[in-house]
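Subject: Structure handover

Hello,

Here is the structure I promised to pass on. Please open it before reading the notes beneath it.

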Amino acid sequence: MTDDEWESLCDGCARCCLLKLEDEDTGEIIFTNVSCRLLDQQTCRCTSYQNRSKLVPTCIKVTAENAAALAWMPPTCAYRLLAEGKDLFPWHPLVSGDPESVHKAGISVLGRVVSEEGIDEEDLEDYQADWPGEADYEEEIGK
Ligand code: SF4
Ligand code: SF4
């Protein structure tokens with residue numbers, strides 16, 4: 001797979017760009033509705049994709065080698081689905097042919113997040129949020 005083909009697998013949901021909490025006792029990953037400061041909330045794209053690793057050291061580049069181990073990726077993420085041997089959802093742009101379909105299906109963070117800028121890390125617990133696919137996702141989004 002070429003780099004372009006690999007990149008095209010990303011559905012553009014931007015849910016990997018959300019700040020997350022981890023339950024110390026259970027290890028459960030809890031999503032918030034707070035996005036990385038580099039996320040363009042109007043397009044769900046990174047505003048500095050080429051330099052993201054330098055600007056946000058916690059931003060992990062997803063590769064074929066690490067995709068299966070990234071438990072915090074949303075269950076709808078195409079890379080996770082691929083690693084788990086599952087098919088892409090009908091709303092994935094590569095399936096639908098429409099780059100907007102991930103937004104129309106309500107999977108992306110479009111219009112539903114606030115930036116981390118100005119939010120105190122200690123207050124992050126107040127921003128816990130449920131996202132499609134976190135539980136019973138196959139039933140929830142009609143897979
Ligand atoms: S969660 Fe996966 S599919 Fe969604 S933006 Fe991140 S890498 Fe792309
Ligand atoms: S640096 Fe860019 S790709 Fe990485 S989490 Fe932030 S917005 Fe997303």
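My notes on the ligands, a hairpin and one loop residue follow. Keep in mind that this is a predicted model.

Ligands

Start with ligand 1. Its shell counts 13 residues. Cys10, Asp11, Cys13, Cys16 and Cys77 are the closest of them. Sorted by class, ten residues of this shell are nonpolar, one is polar and two are charged.

Now ligand 2. Three cysteines to look at around it are Cys17, Cys36 and Cys46, and Cys59 also belongs to the shell. Leu38, Leu39, Arg52 and Val56 complete the surroundings of ligand 2. Seven residues of this shell are nonpolar and one is charged. No polar residue takes part.

Hairpin

Strands E1 (residues 18–22) and E2 (residues 29–35) run antiparallel. Four bridges join them. Glu22 has Ile29 in E2 as its bridge partner. Six residues lie between the two strands of this hairpin. Check Gly27 in the turn: its phi is positive, about 80 degrees.

Loop residue

Glu122 sits in the loop between strand E5 (114–115) and helix H6 (137–140). Is Glu122 buried or exposed? Glu122 is exposed, because just 7 other C-beta atoms lie within 10 Å, and a residue counts as exposed at 12 or fewer. Leu39, from the shell around ligand 2, makes a useful reference point. Glu122 and Leu39 are 83 residues apart along the chain, and their C-alpha atoms are separated by 21 Å.

Best wishes

Methods
Residues numbered from 1 in each chain as written. Chains lettered and ligands numbered in written order. Predicted model: local features only at pLDDT ≥ 70, side-chain atom pairs only at ≥ 80, totals over all residues. Near = placed C-beta within 6 Å. Nonpolar A, V, L, I, M, F, W, Y, C, P; charged D, E, K, R; others polar. Buried ≥ 20, exposed ≤ 12 C-beta atoms within 10 Å, placed from the backbone. Pairing = 2+ DSSP bridges.
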